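Hello,

Here is the structure I promised to pass on to you. Please open it next to this email, and then read on for what was found in it.

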Amino acid sequence: MLGSQDGFYSTCKPLIEDIESKKVVAVFSYLTMLETIHTLRRRKIEKSSFTGGSRSECESKKAPAEVIVRDFVRVIRELSSQQKILIPRPKMTLFDHHSTVVRKIKQYFGYIRTMSYCPICESGYVKRDEKIKCPSCGDEKESLKKYQYKALGHADLEHAFCAKYANVPVFYSTDKSFSDLNGDPDFGSMRFEIIPYPAQVNR
Ligand SMILES: [Zn+2]
């Protein structure tokens, strides 16, 4: 599902090939579908070049975003009918699922760290130097510091439980927070594998 222009493509290529050759089956939940549809619309619109900003011009951005969403849904349906991905249908009610996620999120506070950020565009600096050119806006003002809260959010935990309901043996993510769930009795022998960030991916 990753395009070849995606920064993670080369790292994930062996896994994609295993899915393509049916060596492994990827589980694809409707929760992933929900998040991806929203992300595709937002990215397509926010990354398009600015050409005026009038109401009608803003409206004209809708159609190209919907083309991408339709293509995405079509590919997922095709992969599902080819049995290369599995869309699980958990028997649990939505109420029970959410109450399970609430119980779990209360157990994992996560971490408090500090981060440097640009006083102009407020983006976080990748490096921690006091004076560095902002990688986002290019400004060379001294960076400021703030607290950063890193934890598994509700959607992260929902993904983990969706994987558990589908009895997946390995859960892959680029989010390091998931490694906290390794050994959690709620997930049994399910393993959380973290895909490292390639150097060219902007976080
Ligand atoms: Zn900046």
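Let's begin with Asn167: is this residue buried or exposed? In this predicted model, Asn167 has 10 other C-beta atoms within 10 Å, so it is exposed. You will find Asn167 in the loop between H6 and S5. Its phi is near 55°, which is a positive value in a residue that is not glycine.

Gln83 makes a good companion to look at next. Gln83 is not a glycine either, yet its phi is positive, at about 60°. This residue sits in the loop between H4 and strand S2 (85-86), and it comes just after H4. Gln83 has 9 other C-beta atoms within 10 Å, so it too counts as exposed.

Now for the helices that come before these two residues. Helix H4 covers residues 62-81, and none of its 20 residues is buried, so H4 lies largely in the open. You can also check its length: at 1.5 Å a residue, H4 should span 28 Å, and its end C-alpha atoms are 29 Å apart, which agrees.

Helix H6 (residues 154-165) passes the check as well. Its twelve residues should span 16 Å at 1.5 Å a residue, and the end C-alpha atoms are 16 Å apart, which agrees. Which residues of H6 are buried? They are Leu157, Glu158, His159, Ala160, Phe161, Cys162 and Ala163. The elements that cover the buried residues of H6 include strand S1 (26-27), helix H2 (30-46), helix H5 (94-107) and strand S5 (170-173).

That brings us to the largest nonpolar core, which is made of ten residues: Leu152, Leu157, Ala160, Phe161, Cys162, Ala163, Val168, Phe171, Leu181 and Phe192. H6 gives the most to this core, with five residues. Another member of the core is Val168. Leaving aside residues up to four places away in sequence, Val168 touches Val27, Ala163 and Met190.

Please look at Ser189 too, in the loop between S5 and strand S6 (191-194). Ser189 has 6 C-beta neighbours inside 10 Å, so it counts as exposed. Its C-alpha atom is separated by 9.7 Å from that of Lys164, although the two residues are 25 residues apart along the chain.

Ile19 gives you a similar exercise in helix H1 (residues 9-20). Ile19 and Ile85 are 66 residues apart along the chain, and 7.6 Å separates their C-alpha atoms. What does Ile19 touch, not counting residues up to four places away in sequence? The answer is Val24, Ala26 and Lys84. Ile19 has 17 C-beta neighbours inside 10 Å, so it counts as partly exposed.

Next, the strands. S3 (residues 111-117) and S4 pair in the antiparallel sense, over seven bridges. To find one of these on screen, start at Tyr111: its bridge partner in S4 is Lys150. Strand S4 (residues 144-150) has seven residues and the number buried is zero, so S4 lies largely in the open.

Finally, the domains. The chain is divided into domain 1 (21-87) and domain 2 (111-150). Their centres, taken over C-alpha atoms, are separated by 31 Å.

Enjoy exploring the model, and write back with any questions.

Best wishes

Key. Residues numbered from 1 in each chain as written. Predicted model: local features only at pLDDT ≥ 70, side-chain atom pairs only at ≥ 80, totals over all residues. Core = buried A, V, L, I, M, F, W, Y, C linked by C-beta atoms within 7 Å. Buried ≥ 20, exposed ≤ 12 C-beta atoms within 10 Å, placed from the backbone. Helix = DSSP H or I, 4+ residues; strand = E, 2+ residues; numbered from the N terminus. Contact = placed C-beta atoms within 7 Å. Pairing = 2+ DSSP bridges. Domains from an automatic or database assignment. Expected span 1.5 Å × (residues − 1).
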